[in-house]
Amino acid sequence: MRYEIKGGTLPVVEVYLDAGESINCEGGAMTWMSDNLEMTTEGGGMGKMFSKMLSNEKMFSNTYTAKGGEGFIAFASSFPGAIMAVEIGPGKEIICQKSAYLASTPGVELSIQFQKNVGAGFFGGEGFIMQKISGQGIAFLEIDGSVVEHMLAPGQRIIIDTGYLAMMDGTCTMSVESVKGIKNKLLGGEGFFNTVVTGPGKVALQSMPASAVASVVAPYIASK
């Protein structure tokens, strides 16, 4: 398998499959493909379907397999931003926002990740339930806006405004902290809580969360 990420602010990843190779995605993710790809749809059993419901994933997933020769398939971003290709393997699990997953090679597994810190779930902006990606292979992630990466040393922390955390290595931990000072909370414009990620591991931040765009656009829609 090989792939190519194309486009600018509305990117697409084209995946080229040899005969017999497959790729997985959520239902409705395919944008175009060659006519020799065969699709199969699966739910993954009641337990997996329930976990998908909790994490707001689509209930069914599709597998596309190239038949009789090389084929290609494309997956496009649903929001202005970037597409990341992430190598997944033993000790290389990642935790990402629920909307990040786009597609993956067979052998990559998706599951839900409950935040151990309840405050992180309810106030951190990324939600009580995030998505864990493990197994072996390549996962394609959809990121809102541009991607900025930071590598954190053991114990090193980064403070993140609500919604800007896109992905972190499974070795990182996440919590929330209250903004200090009543005046800062009420007048600072940064809200009451910040997300805190502690290393070791890599953190991927997104420069334009969909939620932030929605909050800017909402007053103009309401005024119509």
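**Exercise 1. Getting your bearings**

How many helices and strands does the protein chain have? Work out the burial and surface figures for the chain too.

*Solution.* Keep in mind that this is a predicted model. Start with the secondary structure: the protein chain has four helices and 19 strands. Next, burial: of the 224 residues in the chain, 45% are buried. Then the surface: about 11400 Å² is exposed, with carbon and sulfur atoms supplying 59% of that area. Last, look at the contacts between residues at least 6 apart in sequence: 77% of them join residues at least 24 apart.

**Exercise 2. A four-stranded sheet**

Trace the open sheet that contains β1, β2, β7 and β4, and find its edges.

*Solution.* Step one is the order: the four strands run β1-β2-β7-β4, with antiparallel pairing. Step two, the edges: β1 (2-6) and β4 (30-33) each pair on one side only. Step three, the twist, which averages 20° from one strand to the next. Now zoom in on the β4 edge. β4 and β7 are antiparallel and share three bridges. Trp32 has Ala74 in β7 as its bridge partner.

**Exercise 3. A three-stranded sheet**

Why is one side of β15 and one side of β17 left without a neighbour in the sheet?

*Solution.* First lay out the open sheet: its three strands come in the order β15-β18-β17, paired antiparallel. β15 (157-160) and β17 (173-178) stand at the edges with a single partner strand each, so one side of each has no neighbour in the sheet. Neighbouring strands here are turned by 30° against each other on average, direction ignored. For the β15 edge, count the links: four bridges tie β15 to β18 (residues 193-198), and the two run antiparallel. One residue to check is Arg157, whose bridge partner in β18 is Thr198.

**Exercise 4. Strand β19 and its partners**

Why can β19 be called largely enclosed by the rest of the structure? Find strands that pair with it, too.

*Solution.* Begin with burial: β19 covers residues 201-206, and five of its six residues are buried, so the rest of the structure largely encloses it. Then take its partners in turn. β14 (residues 147-152) runs antiparallel to β19 and is joined to it by six bridges; within this pairing, Met151 has Lys202 as its bridge partner. β16 (residues 165-169) also pairs with β19 in the antiparallel sense, over three bridges, and here Met168 stands opposite Val203.

**Exercise 5. Finding the nonpolar cores**

Which residues of the largest nonpolar core touch the most other members?

*Solution.* The core has 16 residues, and those touching the most other members are Val13, Val15, Ile23, Ile73, Phe75 and Phe140. To see where the core comes from, go strand by strand: β2 (12-17), β3 (22-26), β6 (61-66), β7 (71-76), β10 (101-104) and β13 (137-144) each supply at least two residues. β2 gives the largest share, three residues. Now pick out Phe75: beyond its neighbours within four places in sequence, its contacts include Val13, Val15, Ile23, Cys25, Met30 and Leu102. There's also a second, separate core of 15 residues, with Val86, Ile94, Ala100 and Ala139 among them.

**Exercise 6. Checking the cysteines**

Are Cys25 and Cys172 buried or exposed? Check for disulfides as well.

*Solution.* Use the cut-off of under 20% relative accessible area for buried. Cys25 sits at 1%, so it counts as buried. Cys172 comes in at 6%, so that residue counts as buried too. As for disulfides, searching the whole structure turns up zero.

Key: Residues numbered from 1 in each chain as written. Predicted model: local features only at pLDDT ≥ 70, side-chain atom pairs only at ≥ 80, totals over all residues. Heavy atoms only, no water. Pairing = 2+ DSSP bridges. Axes fitted to C-alpha atoms, helices over the stretch in contact; angles between N-to-C directions. Disulfide = S-S within 2.5 Å. Buried < 20%, exposed > 50% of the residue type's maximum accessible area, 1.4 Å probe, protein only. Core = buried A, V, L, I, M, F, W, Y, C linked by side-chain atoms within 4.5 Å. Contact = heavy atoms within 4.5 Å. Areas by Shrake-Rupley, 256 points an atom, 1.4 Å probe, with all protein chains shown as cover.
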